[in-house]
Structures are given as C-alpha cells and as structure tokens.
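Have the model open and the sequence beside you. We'll begin with one side-chain pair and work outwards from there.

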Amino acid sequence: MLNSNGFNVWAESYDKSVRVSDESDTYPFAGYTAILQEICHRVQSCAGKTVLDIGFGTATLTSKLYDQGYQIYGQDFSGEMIKQAQKKMPQARLNCPRLCGQHKKNPCAGIFGFSRSGAALAAPLL
C-alpha cells in the first residue's frame, strides 16, 4: 500500500497508468472505466449536485461530474494528486488537512463517493 509520498511520486503519471492498465485489462485497474461510468450514472440519477469525494486522487471520477456542473468537495492525502486534480477542476474545494495542517469545514451535503481504492465498494452503495 502506498503512502502519501508514494502517491506524490506517482501523481504525474497516474492517469496514464490507470488508462494503460484499464485498456489492457490488467491489474490493478482492469474494468476501471466501466466502474466509473456506473458510478457517474448512479450519481446523475440523484437529485443532488454536490459531491464529497474522499481519496479523489487525480479526479478521474470527480472531474467528469465537475464538467457536468456538480459542486465538488474533496480530501486526499497526496498534495501532488491534489495539484493534478485542481488543474482539471479549478473551482473545486480540495484539501489535504493532514499534510497542510488545515481542517476546513465545508458545507457538504448530498452524494458521497470514494474514488481509487473505494470505487468498487461505493458502486453498490450509491
């Protein structure tokens, strides 16, 4: 299991790693696109337009929702992943309280998603 330093190092090439693994149907991201499409479909079927994503990484999932007008709040423990995600979602409220020493209260309500490691677990819950 990678720690924040591991994800910081991986952040710049993370999206490419996911794409290559998914397209070649190999571990660890085989089927990732299909899972994200299903999560997006389920989120879109809900009335809310606010998403809190814990562990959003480079925002592979949440950027799709952001582009559709969803208000995005998120926390991730990798500062470099946050930088990559913020490029895709400049108006999203993203933070890293453990690394930055900040504990912001965000007025989040609505839909909750868990990208990266929790995507498979979140799908049946949405």
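Look for glutamate 38 and arginine 42: their side chains are joined by a polar contact of 2.6 Å. This is a predicted model, so take that distance as a computed one. Glutamate 38 sits in helix H2, which covers residues 32-44. Is glutamate 38 buried or exposed? Neither, quite: its relative accessibility is 32%, so it counts as partly exposed. The two partners are numbered 38 and 42, and that spacing brings a familiar bit of helix geometry to mind. An α-helix has 3.6 residues a turn, so residues three or four places apart point the same way.

Now zoom out for a moment. The protein chain has six helices and four strands, and reading from the N terminus the order is α-α-β-α-β-α-β-α-β-α. There are 126 residues in the protein chain, and 42% of them count as buried. As for how the chain meets itself, take the contacts with a separation of 6 or more: 50% of these come from residues 24 or more positions apart.

Back at the start of the chain, follow H1, residues 4-23. Its N-terminal end is capped by asparagine 3, which places a side-chain oxygen 3.0 Å from the backbone nitrogen of asparagine 5. Further along, don't expect a straight rod: at glutamate 12, H1 bends by about 70°. Which residues of H1 are buried? They are Ser4, Gly6, Phe7, Ala11, Tyr14, Val18, Ser21 and Asp22.

What does H1 pack against? One partner is H4 (residues 79-88), with the two axes 6 Å apart and at an angle of about 30°. That angle is under 35 degrees, so H1 runs roughly parallel to H4. On the H1 side, the contact uses Phe7, Asn8, Ala11, Glu12, Tyr14 and Asp15, and these meet Gly79, Glu80, Met81, Gln84 and Lys88 of H4. Sort the contact residues by class and you get four nonpolar, three polar and four charged. Phe7, Ala11 and Tyr14 turn up here, and they are also among the buried residues of H1. Glutamate 12, where H1 bends, is part of this contact too.

Glutamine 84 is worth a closer look on the H4 side. Its relative accessible area is 18%, so it counts as buried. Leaving aside residues up to four places away in sequence, glutamine 84 touches Ala11, Glu12 and Thr58. Two of those names, Ala11 and Glu12, you have just met in the H1 contact.

Next, walk off the end of H1 into the loop that leads to H2. Just after H1 comes aspartate 25, with a positive phi of about 55° although it is not a glycine. It lies in the loop between H1 and H2 and is exposed, at 58% relative accessible area. That same loop holds proline 28, and here the backbone has a cis peptide bond: it joins tyrosine 27 to proline 28, with omega about 10°.

One more backbone oddity is waiting in another loop. Alanine 59, also a residue other than glycine, has a positive phi near 70°. You'll find it between strand S1 (50-54) and helix H3 (62-67). How accessible is alanine 59? With a relative accessible area of 0%, it is buried, whereas aspartate 25 is exposed.

Technical notes: Residues numbered from 1 in each chain as written. Predicted model: local features only at pLDDT ≥ 70, side-chain atom pairs only at ≥ 80, totals over all residues. Heavy atoms only, no water. Axes fitted to C-alpha atoms, helices over the stretch in contact; angles between N-to-C directions. Helix = DSSP H or I, 4+ residues; strand = E, 2+ residues; numbered from the N terminus. Parallel < 35°, antiparallel > 145°, perpendicular 65-115°, else oblique. Contact = heavy atoms within 4.5 Å. Nonpolar A, V, L, I, M, F, W, Y, C, P; charged D, E, K, R; others polar. Bend = angle between axes of the 7 residues up to and from the residue. Buried < 20%, exposed > 50% of the residue type's maximum accessible area, 1.4 Å probe, protein only. Polar contact = N/O pair within 3.5 Å; in protein donor to acceptor, adjacent residues only side chain to side chain.
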